[in-house]
Every structure is written in structure tokens, then in C-alpha cells.
Amino acid sequence: MTNSRAASLRVSIERAVARSLMALPATAQRSLARALPTTPLARELLHPQFQVLVGLNATRPSLQSQTVRAARGGYRMMMQMLSPAPVPMAKSVDLQVPVPATGASRADRALVRLHYPLPTTGPTPAIVFFHGGGFTVGDVPSYDACCRDIAAQTGFPVASVEYRMGPEHPAPAATEDCVAVWRYMVEHAQELQLDPTRMAVMGDSAGGKLSAAVSQQAKQRGLTLPALQVLVYPGVDLSRDLPSKETYGVGFGLEKATIDWFMSHYVDDAALKLDPRVSPQLTKDLTGLPPAIVVVASDPLRDEGLEYAKRLQEAGVKVELLDYPRLIHGFFTMGGVVPVAATATAEVLGRTRSLLGKR
């Protein structure tokens, strides 16, 4: 058996096992969680399905215990296991978008995979999606099923962006790549049959930060603003640790130690933590930014999302805060296995569809 077939079989087995555990009665899930290495706080706060999931996660090798290459492979397998089944699209197109030189990173091209869920008959709203993974793991293939699901549920084309990551390409390469892709998508909207006045940015975790940063940089650089920014449990401030990073830093899926490992690869100069392209929270003037959907959960990044949503509101930006305290970081990509995650994701995408679809 080839390595790829063995990996595919392992993913299929783990997916089947996880689905069977998610189908257990809540009482059985709580009992199982007590037998797994779940923390008392997680058992108190989380939905029973997630109590089981974080307990199982605690038995797996952490990302920070692996090489970057191994972590990337493991993350890709985890995404394949947890994500919804790939939805057929009317058309999918791979674009190669020029991105600029930044620091030690030379000019390059970024892969952008554009999924059209329906046959296009004219300019349509669209979503430019930036993946998560701590600026160290994750890529377009890892998020392919997720982006197809977003396209299917909203009815809008989704452009999935493969930006450069650390340690090979540390900050601010990721932000500059995403700004360049945003500029490209707006400038080429007509030939891509997209409506540049109804294009959103969306991302989870690292991608949430990039969505916030692109919205800010578009304003500062005089580019067309996104019509909507969807920030799913975004980490927007590297300059300080807020209380949620300690409260939820162990036993809630995303560990504080893993965040620290990600950041050691993402930022190679401590001074960059004060750069708004890296810490969008530090931008003083948030007026005039696009309307936002901000999503938070029981997550080390919870306080950053809540604080940024509050600052946007105080600056006069329309904000919808979607709070899922019984869910964890990562739920947005777990709808293929965890029913409660699929329900919450559908709500986020439903609000996105409603707000972006308005003229």
C-alpha cells in the first residue's frame, strides 16, 4: 500500500470513529469525556460533543512536538478528517497572482483557487478566503472542502488564497500577499464575473487576522474596501497576552504552547509585533472600515475577538458578534464530523449570505 493510500485509509477510519462518537447520547459523551484527559473547565463549559473531541485531541502528538514539515502533513490530514465532504462545484479555476517582495522574501506568485458553486450569468458577490493554521501550517488543498462548503452554503464564488508562511517567509509576507490578492481580485473582477462592490474577506484564526489586516490596509492604501469582513476567532494582537490565553490555553483544542510555537515561526523580529499588519488591534483609527461579523468561542483568542469587535463598534462600524461559548477554536472547519459545529458554521454563513447579498 502506498503512503498516500495508507494516509487516506487512516483519515477514513478516524472520520468514521469520530462520527460514531459524535452520535452517542450526550450522557454517554459526558461519561467518555471523564475517562479522557479533559480538563474540569472544558467539561463544565463545552458541548458534550466537544468534550469528547478535546479529550481525544489530548491523546495526539502536539503540533509543536513535530517538525514543521510533519506538522503541515498532520494538519492536512486533520482537516481532511474533520471537514465536510467536498461539494461539487460548477467550476473551479486556479489563478497565479503576483505578490511582492517583503524583507528576505522575493517576489513570487500566490495560488488562488476560485470555486464557482453555480453557473455564472453576470457579476456576483464573492468571498476572498484566507485560511488558518498559525501562519505556519495550512494551505489551499487543506481547506478545499471547507471553501467548497462556504461556496455551496452562501451561493457565492469563494477564492481560497495560499499566502506565504513562516518560517520560510515570516511576517509581514502573509499580509502583503493577501493585500496583493485582494487588489488583484478587485482589478480583475469583471473578467472573473465578480461584483467588486460586493466582495467580502473571510478567514478563520490566522485568516481572521489577515481579513482584518486587509480591510485596514485597503483603507490606508486607497483600495476598494471589502463590502464585509468575516473574522472567525481572529488573533489580532501579538503585543500582549489577554486573560483568555491563560483561561483556555490548555484543554480547549488550541494550546497556548502551540500558539507560541506558531508565532516563533511567524515573527522573526519582536518589533514586528507592534506593526498593525501583524497586530491589527494596534491600529488607532478604525473608522470607515467595512461592516464585520466577528465570531468567538471558548478559545485562547476569545478576548482579542471581543475587544476588536467592541473597538469596531465604538468607531461606528456595524458589527454582528456571534458568540459560541460551548464551542472551541477550529469549529468552523469541523462540520463534517461534529454536528453542533456544522450548525454554528451554517449560522455564520447564513449571516454572511444575508449581509453580502444585500444591494
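# A tour by selection

Start with helix α1, residues 3-22: its 20 residues reach 28 Å from the first C-alpha to the last, close to the 28 Å expected at 1.5 Å a residue. That expected span is 1.5 Å times one less than the number of residues. Helices (H or I, at least four residues) and strands (E, at least two) are DSSP runs, numbered from the N terminus. The model is predicted: local features need pLDDT of at least 70 and side-chain atom pairs count only at pLDDT 80 or more, while totals for chains, interfaces and linings use all residues. Residues are numbered from 1 along each chain as its sequence is written, and side-chain values use heavy atoms, with hydrogens and water left out.

## Helix α1

Stay on α1 and select V11, R15, A18, L21 and M22, its buried residues. Buried means under 20% relative accessible area, exposed over 50%, and partly exposed in between, with a 1.4 Å probe and protein chains only. Look down the axis of α1: the buried residues fall within an arc of 125°, so they line one face of the helix. The arc is that of the directions from the helix axis to the C-beta atoms. Next display α2 (26-35), α4 (48-57), α5 (68-82) and α12 (339-357), against which the buried residues of α1 pack. Contact here means heavy atoms within 4.5 Å.

## From A85 to the strands

Select A85, in the loop between α5 and β1 (91-99). At 48% relative accessibility, A85 counts as partly exposed. Add P170 to the selection: A85 and P170 are 85 residues apart in sequence and 32 Å apart in space, C-alpha to C-alpha.

Move on to β1 and β2, which pair in the antiparallel sense over 9 bridges. Two strands pair if DSSP finds at least two bridges between them. V97 stands opposite A110 in β2. Strand β2 covers residues 108-116, and 7 of its 9 residues are buried. β2 is also joined to β4 by 5 bridges, and these two strands run antiparallel. To locate that pairing, select H115, whose bridge partner in β4 is V158.

## The loop after β4

Follow the chain out of β4 (158-162) into the loop that leads to α7 (173-187), where P167 lies. The peptide bond from G166 to P167 is cis, with omega near 5°. P172 lies in the loop between β4 and α7 as well. A cis peptide bond joins A171 and P172, with omega about 5°.

Then select α7 itself. Its 15 residues should span 21 Å at 1.5 Å a residue, and its end C-alpha atoms are 21 Å apart, which agrees. Of those 15 residues, 13 are buried, and the helix is mostly covered.

## Strand β5 and its neighbours

Select β5, residues 194-204, a mostly covered strand with 9 of its 11 residues buried. Strand β3 (residues 124-130) pairs with β5 in the parallel sense over 6 bridges. In this pairing F129 stands opposite M202 in β5. Strand β6 (residues 228-232) also pairs with β5 in the parallel sense, over 5 bridges. Here A200 stands opposite L228 in β6. Trace the chain from β5 through helix α8 (residues 206-220) to β6: this β-α-β crossover is right-handed. The term means that, with the strands pointing away from the viewer, the path from the first strand over the helix to the second runs clockwise.

## Two positive phi angles

Select S205, in the loop between β5 and α8. S205 has a positive phi of about 60° although it is not a glycine. At 11% relative accessibility, S205 counts as buried.

Now go to F135, in the loop between β3 and α6 (144-154). F135 is not a glycine either, and its phi is positive, at about 60°. Is F135 buried or exposed? F135 is buried, with a relative accessible area of 3%.

## Last stop: R302

Select R302 in helix α11 (residues 302-314). R302 counts as buried, at 14% relative accessibility. Which residues does R302 touch, not counting those up to four places away in sequence? They are S244, Y248, V296, A297, D323 and P325.

Two of the approaches are worth displaying as distances. The side chain of R302 makes a polar contact with the side chain of D323 at 2.8 Å. The side chain of R302 also reaches the backbone oxygen of A297 at 3.2 Å. A polar contact is a pair of N or O atoms within 3.5 Å; within protein, one must be able to donate a hydrogen and the other to accept it, and residues adjacent in sequence count only if both atoms are side-chain atoms.
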